[in-house]
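Hi everyone, thanks for coming. Please take a moment to look at the sequence and the model on the screen, and then we'll walk through it together.

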Amino acid sequence: MDTPVLIATIVLIGGMALFIAMGLPVAYAMGLPSAIAIVILLNYDNAALTSAQRILAGSNSFPLLAIPFFILAGGLMNTGGIAQRLIDLALVVSGRLPASLAQTTVVANTLFGTVSGASVASAAAVGTVLSPPMRQAGYDPRFSAMVNAVSSPAGMLLPPSNTFIVYSLVSGSSIAALFMAGVGPGLVWALVCLIMVAIYARKHPELKDHGERPTLGQALLVVLRAVPALLMIVVVIGGILAGIFTATESAVIAVLYCLALGLLQRTLPVRSLPGVVLEAAKVTGIIMLLIGMSGVLGWVLSFARLPQLVAESLLGLTDSKVVIILIIMVVLLLAGTVMDPTPAILIFTPIFLPVVTELGISVIHFGAMMVFNMCLGNISPPIGNNLFVAARVGDVRLEGLIAKLWPFFWALVAALFVVAFVPQLSEWLPTTLGLMDLPAGQ
């Protein structure tokens, strides 16, 4: 490695680690060291021009338009009462399960995540509605908040998922295939949470039943009220799979559908629309800044051949596919504890993708592995956003929530390695639907 390249690499990696440790926003922690590294590799004028070009190129992508529209659709659903209807449906579905209100939290987060793709919004909506009745029913508030936190990331795996859209941008893979690849791991995530709640219920028999069970007529009414919300996922995902519209176009349709549904049912106040749009714009601005900075970072990584060096080092370290996958999963798991999903995917995908493709792992399967890892990061101290949201809406101290977290966390870590070493979980559905071909040798 040439001396300027070596110095630039040290500045890049060391600068990012230092700035993240200092608490600098991740976009700046990526962008500043990348800009300095480019100045080292090129002269100042060329560095400024290259940086500007890469920021524009990284952000100038038609598929990325899906992100702001899906974020807006999630905001409209939360404001327009769709979340409440899905929670009511979850109560009907899980009302006879052990610790029924906790199971309802899991089912509600899964349903809401399926139609919104946003785990933090799901935790806020479900926690706000279910925390008071769970407290009244005698649940430990810390446990209630923890169940809300750990079950809400299922929305990052189940389609439509903004996280998969970001991964698709970096990896160049099919959004439709990634959406379908997330179904198996997303259901595994929800199933693990349901099982862990059932185990908890065995130790707390007073929670096995709660409240009045709805009559058949009441249950049918709840289901009918929830059907329009569930139809959105049929329209959005069905249209993509049928080739009627792209993922980006489906995001626009999702916004129009949620808007029309909220206005027709008179559950979406017109005066709330500016606030919903403003909040969606704020979140979109953060994500697009991260993606723009990742364009500069990607150029430096490519110029320094860092992904190739990492691939050569890992493949030279051992010829065991299992060991290399374990190393990658542990690195991603640790990264997820200190980074949000979007920057983690933008940083580590170009580094590890050459390694996994050399091992014969499909880009789609690796995407499912990586997003599952990022879901764990969302419930991992110290950064896990879902922990903070669940603690706030559950009105508990974060420390108390974390104390209840670990049995669920380690069960989900075990599920991560099942997803990693059983590729059929993520590949079967997209392969069956003709959205991907299996790598050679599978």
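Let me start with a question: which exposed residues does the face of α22 turned away from its buried side carry? They are Gln424 and Trp428. Here, exposed means over 50% relative accessible area, buried means under 20%, and partly exposed is in between, with a 1.4 Å probe and protein chains only.

A word on where this comes from. This is a predicted model, so local features need pLDDT of at least 70 and side-chain atom pairs count only at pLDDT 80 or more, while totals for chains, interfaces and linings use all residues. Residues are numbered from 1 along each chain as its sequence is written, and side-chain values use heavy atoms, leaving out hydrogens and water.

Now the other side of α22, which covers residues 424–432. Ser426, Glu427 and Pro430 are buried there. Looking down the axis of α22, these buried residues fall within an arc of 85°, so they line one face of the helix. That arc is taken from the directions from the helix axis to the C-beta atoms.

What do the buried residues of α22 pack against? Their partners are α11 (175–181), α12 (183–203) and α19 (363–377). Contact means heavy atoms within 4.5 Å. Just after α22, Gly434 takes a positive phi of about 75°.

Let's visit one of those partners. Helix α11 is home to Ala176, which counts as buried at 13% relative accessibility. Leaving aside residues up to four places away in sequence, Ala176 touches Ile240 and Leu435. Compare Val92: Ala176 and Val92 are 84 residues apart in sequence, and their C-alpha atoms are 31 Å apart in space.

Finally, let's zoom out. The chain has 22 helices and zero strands. Both are DSSP runs numbered from the N terminus: helices are H or I with at least four residues, and strands are E with at least two. The radius of gyration of the chain is 22 Å, close to the 22 Å that the globule rule gives for 442 residues, so the chain is as compact as a globular protein of that length. That radius is taken over C-alpha atoms, and the rule is 2.2 Å times the number of residues to the power 0.38.

Of the 442 residues, 53% count as buried. And among contacts between residues at least 6 apart in sequence, 78% join residues at least 24 apart. Thanks for listening!
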